[in-house]
Amino acid sequence: MLKQVWPVGFTKPPGGEIGSNNHALNFHTYCCTLSPETCMETGEPAAGLEHACNDWHQLKFDTRAEDAERLGIPMILSEFGACMGSDVCITEVKQVTNLAD
């Protein structure tokens with residue numbers, strides 16, 4: 001079920017240069033973007049997908065970290081866990097915050 005996360009498509013920070021101290025690579029991660037079926041029934045990740053969601057978030061973090069390293073800029077996670085406080089939502093938020101730490 002794990003999908004591909006493509007690197008960002010630019011070779012230098014837009015409007016800047018490699019290593020710019022005025023840029024950061026911003027990204028978002030949501031388990032619901034793993035596949036159309038992931039959140040179809042409730043709008044939140046289906047129960048039983050915890051491992052697939054964690055793998056997805058890890059892949060996003062790894063890919064964006066490689067992008068940021070290549071561009072010589074820091075990365076910022078600004079959105080994640082768009083859910084409503086259910087047990088699966090809490091699991092997703094914990095997964096992402098653990099990876100961010």
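Just after helix H1, Gly 72 takes a positive phi of about 70°. This is a predicted model, and helix H1, which runs from 50 to 71, is a good place to start exploring.

How far apart are the end C-alpha atoms of H1? They are 31 Å apart, and because the 22 residues of H1 should span 32 Å at 1.5 Å a residue, the two values agree.

Now look at which side chains of H1 are tucked away. The buried residues of H1 include Cys 53, Trp 56, His 57, Lys 60 and Phe 61. Further along the helix, Thr 63, Arg 64, Asp 67, Ala 68 and Leu 71 are buried as well. An α-helix has 3.6 residues a turn, so residues three or four places apart point the same way. What covers the buried residues of H1 includes strands S1 and S2 together with helix H2.

Here are the elements met so far:

| Element | Residues |
|---|---|
| Helix H1 | 50–71 |
| Helix H2 | 87–100 |
| Strand S1 | 25–29 |
| Strand S2 | 75–80 |

Next comes the empty space inside. The model has one cavity of 30 Å³ or more, and the largest cavity has a volume of about 50 Å³. Which helices each supply at least two residues of its lining? Both H1 and H2 do, and H2 gives the largest share, four residues.

The lining is made up of Pro 45, Ala 46, Leu 49, Glu 50, Cys 53, Val 88, Thr 91, Glu 92 and Gln 95. By type, these residues divide into five nonpolar, two polar and two charged. Cys 53 links the two parts of this story: Cys 53 is buried in H1, and Cys 53 also lines the largest cavity.

Terms used: Residues numbered from 1 in each chain as written. Predicted model: local features only at pLDDT ≥ 70, side-chain atom pairs only at ≥ 80, totals over all residues. Heavy atoms only, no water. 1 Å grid on protein atoms, 1.4 Å probe; cavity = no way out; pocket = protein on both sides within 12 Å on 5 of 7 lines; lining within 4 Å. Points joined across faces, edges and corners; volume = space filled by probe spheres on them. Nonpolar A, V, L, I, M, F, W, Y, C, P; charged D, E, K, R; others polar. Expected span 1.5 Å × (residues − 1). Buried < 20%, exposed > 50% of the residue type's maximum accessible area, 1.4 Å probe, protein only. Contact = heavy atoms within 4.5 Å.
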